[in-house]
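Student: I've just opened this one up and could use a guide. Can we go through it together?

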Amino acid sequence: MKASLKWSAMIGAVVIALMGMAVGIVSADDEEIVLPSIDDGRVNNFDIAAPVAVFCEFTYPYADDTDAGVLDSIQLWGLTGADDGLFHEVATISAAQIDAASASSTQPVLLSNTYGYSVYLEADGSFRLVAAPDAEGKVYEFSWDLSAPRC
């Protein structure tokens, strides 16, 4: 009888402890959630499984004003179908190409289409990248604009 009382007391203590733990759970408001990212300067840094990385390159006409960067180009680094599994530079879109496309049309304009990666300048001035379907038939698509972080 003493052994069963001892086990009952232990089980009761465990249940009470577990209930106390449930009350002590930290809510999302109390804790910062850090999302996985690739912090190498790419615009699509939170798309860690993306088949292509988008980089915006800037020039700085005033060396002492690092906030006054002017877009020089958009670079795409992606998989090319080579058996090495590495990312290679697949396209560079100059600021001059972007300016010419934005002045010439109010419809989306194809800026680049290489290695299955198509970049469009949308009518609202944003950019859209569409990648060819992967082996599972999934299409990667990413949109951004020049006010986005890093671009």
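Student: Which residues make the nonpolar surface patch of about 350 Å²?
Tutor: This is a predicted model, where local features need pLDDT of at least 70, side-chain atom pairs count only at pLDDT 80 or more, and totals for chains, interfaces and linings use all residues. Residues are numbered from 1 along each chain as its sequence is written, and side-chain values use heavy atoms, with hydrogens and water left out. A patch takes residues with over 30% relative accessible area and no salt bridge (a Lys or Arg side-chain nitrogen within 4 Å of an Asp or Glu carboxyl oxygen), joining nonpolar side chains (Val, Leu, Ile, Met, Phe, Trp, Tyr) within 5 Å and like charges within 9 Å. Here the nonpolar patch is made by Ile 33, Leu 35 and Phe 46.

Student: Is Leu 35 buried or exposed?
Tutor: Leu 35 sits in the loop between α1 (2-23) and β1 (52-59); helices are DSSP runs of H or I with at least four residues, strands are E runs of at least two, and both are numbered from the N terminus. Buried means under 20% relative accessible area, exposed over 50%, and partly exposed in between, with a 1.4 Å probe and protein chains only. At a relative accessible area of 53%, Leu 35 is exposed.

Student: Which strands are at the edges of the open sheet with the order β1-β2-β3?
Tutor: That sheet has 3 strands with antiparallel pairing; two strands pair if DSSP finds at least two bridges between them. An edge strand pairs on one side only, and that goes for β1 and β3 (88-94).

Student: What is the bridge partner of Val 54 in β2?
Tutor: β1 and β2 (residues 70-78) run antiparallel, joined by 8 bridges. In that pairing, Val 54 is matched with Leu 76.

Student: Why is one side of β4 and β7 left without a neighbour in the sheet?
Tutor: These strands belong to an open sheet of 4 strands, ordered β4-β5-β6-β7 with antiparallel pairing. β4 (109-114) and β7 (141-144) stand at its edges, so one side of each stays free because each has a single partner strand.

Student: At what angle to β4 does α2 run?
Tutor: Axes are lines fitted to C-alpha atoms, for helices over the stretch in contact (heavy atoms within 4.5 Å), and angles run from 0 to 180 degrees between N-to-C directions. α2 lies across β4, β5 and β6 (127-131), and its angle to β4 is about 140 degrees.

Conventions. Areas by Shrake-Rupley, 256 points an atom, 1.4 Å probe, with all protein chains shown as cover.
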